[in-house]
Amino acid sequence: MSIQQTDVLYTAVATAENGRDGRVATDDGTLDVIVNPPKEMGGNGTGTNPEQLFAAGYSACFQGALAVVARQEKADITGSTVTAKVGIGKNADGFGLIVEISANIPNTDPTTAQALLAKAHQVCPYSKATRGNITVTLT
């Protein structure tokens, strides 16, 4: 379900110069990075790239969703980590993304961990935004 403008609590603002081979900065100056295509895509790979930035945001957001679900389920996720792998490749329309989300949750058994991941995937805003648009796999 989408939100209305009146429901917005925070808006992030970032501006890119020269697309995938330039610079991206937030309006408050907390993020200001050089972006370059990775070597695998013909770039020099010296800066970060949009896929890394997306993976960073998705993993942080998913970790937050995991914490919400863990509180609801009274599960201990102390020391857990979430990793997002964002792949880019050619498709019929040009290029597309694919994501793999994995978590290390040391204080839970594998069945509980998988259940927590599935529930976090239902509440994470990034998961909601990508659902039906790109393949997201939970491991």
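**Exercise 1. Is Glu 51 buried or exposed?**

Solution. Before we start, note that this is a predicted model, where local features need pLDDT of at least 70, side-chain atom pairs count only at pLDDT 80 or more, and totals for chains, interfaces and linings use all residues. Residues are numbered from 1 along each chain as its sequence is written, and side-chain values use heavy atoms, with hydrogens and water left out.

Step 1: recall the classes: buried is under 20% relative accessible area, exposed is over 50%, and partly exposed lies in between (1.4 Å probe, protein chains only).
Step 2: Glu 51 has 9% relative accessibility, so Glu 51 counts as buried.

**Exercise 2. Find the salt-bridge partner of Glu 51 and place both residues in the chain.**

Solution. Step 1: apply the criterion, a side-chain nitrogen of Lys or Arg within 4 Å of a carboxyl oxygen of Asp or Glu.
Step 2: Arg 20 is the partner of Glu 51, with the closest N and O atoms 2.7 Å apart.
Step 3: Glu 51 sits in helix H1 (residues 50–73), while Arg 20 is in the loop between strand E1 (14–17) and strand E2 (22–26); the pair links distant parts of the chain, 31 residues apart. Helices (H or I, at least four residues) and strands (E, at least two) are DSSP runs, numbered from the N terminus.
Step 4: at 29% relative accessibility, Arg 20 counts as partly exposed.

**Exercise 3. Which parts does the salt bridge of Glu 73 and Lys 119 tie together?**

Solution. Step 1: the side chains of Glu 73 and Lys 119 meet at 3.0 Å, N to O.
Step 2: Glu 73 belongs to helix H1 and Lys 119 to helix H2 (residues 110–123), so the pair ties together parts 46 residues apart in sequence.
Step 3: Glu 73 is partly exposed at 42%, and Lys 119 is partly exposed at 38%.
Step 4: for the wider count, the structure holds 4 salt bridges.

**Exercise 4. Describe the buried side of H2.**

Solution. Step 1: Ala 113, Leu 116, Leu 117, Ala 120 and His 121 are buried in H2.
Step 2: these residues cover an arc of only 140 degrees around the axis, taken from the directions from the helix axis to the C-beta atoms, which puts them on the same side of H2.
Step 3: a helix rule helps here: an α-helix has 3.6 residues a turn, so residues three or four places apart point the same way.
Step 4: the buried residues of H2 pack (contact means heavy atoms within 4.5 Å) against H1, strand E5 (94–104), helix H3 (125–130) and strand E6 (135–138).
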